Amino acid sequence: MLEKLREHLQAHAPRRLRLDLPQAAVLIPLVARPEPTLLFTRRADHLATHSGQVAFPGGKREPEDPDLLATALRESREEIDLPAEQVDILGRLSDVVSLHGILVTPYVGVIPPDLPLTPDPSELDAIFEVPVRCFLEDQRTHTDVIRVDERDYYVPSYRQDDHVIWGLSSMMLVELLAEGFDMPISLFHRPGGELRHHPARRMSAS
């Protein structure tokens, strides 16, 4: 499964957005278990922004980062103590813009199972894994409808135990599933099931 994912991502041409916005990067870690999993973090409840939200490890680009991949790897080391040398980068996905106007570039990487990862308590309160199969089986609880610049995005929401995976992380997941695993899923096709509509917003452009 993971070798096929590598082939697909290396052939993928992700969308690059030319926007005058602050930059950030995240790592989407797949854990190389017999049944592969995706690794997520949960933001600490005491944080002023995004508290309690599920995300992939990552953060804003710093001046010393030579590129955005370096940002993703540095932030992963700081947030969950993941050494860069343990990450096998498979490729990148399309840029996305967060609700707060940050341009985020996702990178997909494979890590070994059972690394001694530790969440930084100043930022996170949990690290957890979800089998890739759960997403390939489309075990969404509902779909969030988010209108951006007059276009509707159909963003799946998933629940794993007490964790809710939605929003920007789910938008990245949809591309990973479609491009990496040939799953028939899209942000632009209305799915069946419950729809929950959110306020419309506009994307800031340069």
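Biologist: What makes the phi of Asp161 worth a look in the hairpin of strand 10 and strand 11?

Modeller: In this predicted model, Asp161 takes a positive phi, near 55°. Most residues other than glycine have a negative phi. The hairpin has two residues between its strands.

Biologist: Why are strand 10 and strand 11 called a pair?

Modeller: A pair needs at least two bridges. Strand 10 and strand 11 (residues 163–165) are linked by three, in the antiparallel sense, so they meet that cut-off. One place to look is Gln160, whose bridge partner in strand 11 is His163.

Biologist: How many bridges join strand 9 to strand 10, and which way do the two run?

Modeller: There are eight bridges, and the strands run antiparallel. With at least two required, they therefore count as a pair. You can follow the match in your view: Arg140 stands opposite Tyr158, and Val148 stands opposite Arg151.

Biologist: Which residues of the turn between strand 9 and strand 10 have a positive phi?

Modeller: Asp149 has one near 50°, in a hairpin with two residues between the strands. Glu150 has another, near 70°, and is found in the loop between strand 9 and strand 10.

Biologist: Is Glu150 buried or exposed?

Modeller: Exposed means over 50% relative accessible area. Glu150 has 58% relative accessibility, so it counts as exposed.

Biologist: And what makes strand 9 and strand 12 a pair?

Modeller: They share three bridges, in the parallel sense, and at least two are needed, so the pairing holds. Thr143 stands opposite Leu195 in strand 12 (residues 195–197).

Biologist: Why can strand 9 be described as largely enclosed by the rest of the structure?

Modeller: Buried means under 20% relative accessible area. Seven of the nine residues of strand 9 are buried, so the description fits.

Biologist: What does Arg140 in strand 9 touch?

Modeller: Leaving out residues up to four places away in sequence, Arg140 touches Pro156, Ser157, Tyr158, Ile185 and Pro191. By contact we mean heavy atoms within 4.5 Å. Ile89, on the other hand, is 51 residues along the chain from Arg140, with 27 Å between their C-alpha atoms.

Biologist: Ser157 is on that list; is Ser157 buried or exposed?

Modeller: Ser157 lies in strand 10. Its relative accessibility is 2%, which means that it counts as buried under the 20% cut-off. Beyond its neighbours within four places in sequence, it is in contact with Arg140, Thr141, His142, Asp144, Val164, Ile165 and Trp166.

Biologist: Where do Glu137 and Asp138 sit?

Modeller: Glu137 is in the loop between helix 3 (132–136) and strand 9, and Asp138 lies in that loop too. Asp138 has a positive phi of about 55°, although it is not a glycine.

Biologist: Why is neither Glu137 nor Asp138 called buried or exposed?

Modeller: Values between the 20% and 50% cut-offs are called partly exposed. Glu137 has a relative accessible area of 45% and Asp138 one of 30%, so both take that label. As for who is around, Glu137 and Met183 are 46 residues apart along the chain, and their C-alpha atoms are separated by 9.3 Å.

Biologist: What makes up the largest nonpolar core?

Modeller: A nonpolar core is a set of buried residues of certain kinds, joined through side-chain atoms within 4.5 Å. The largest has 39 residues, and those with the most contacts inside it are Leu30, Leu38, Phe40, Phe135, Ile165, Leu173 and Leu176. Helix 4 gives the largest share of this core, seven residues. Apart from it lies another core, of 14 residues, including Val31, Leu82, Val87 and Leu117. In soluble globular proteins, nonpolar side chains tend to be buried together.

Biologist: What does Phe40 touch?

Modeller: Among the residues Phe40 touches are Val54, Phe56, Phe128, Phe135, Ile165 and Leu173.

Biologist: How do you know what kind of lining the second largest pocket has?

Modeller: Sorting its lining by class gives 15 nonpolar, three polar and five charged residues. In total, 23 residues line the pocket, and Arg15, Tyr153, Met171, Leu187 and Phe188 lie nearest its centre. Its volume is about 460 Å³.

Biologist: Which element supplies the largest share of that lining?

Modeller: Helix 4 does, with six residues. Strand 6 (96–97), strand 9 (140–148) and helix 4 (167–181) each supply at least two.

Technical notes:
Residues numbered from 1 in each chain as written. Predicted model: local features only at pLDDT ≥ 70, side-chain atom pairs only at ≥ 80, totals over all residues. Heavy atoms only, no water. 1 Å grid on protein atoms, 1.4 Å probe; cavity = no way out; pocket = protein on both sides within 12 Å on 5 of 7 lines; lining within 4 Å. Points joined across faces, edges and corners; volume = space filled by probe spheres on them. Helix = DSSP H or I, 4+ residues; strand = E, 2+ residues; numbered from the N terminus. Nonpolar A, V, L, I, M, F, W, Y, C, P; charged D, E, K, R; others polar. Buried < 20%, exposed > 50% of the residue type's maximum accessible area, 1.4 Å probe, protein only.
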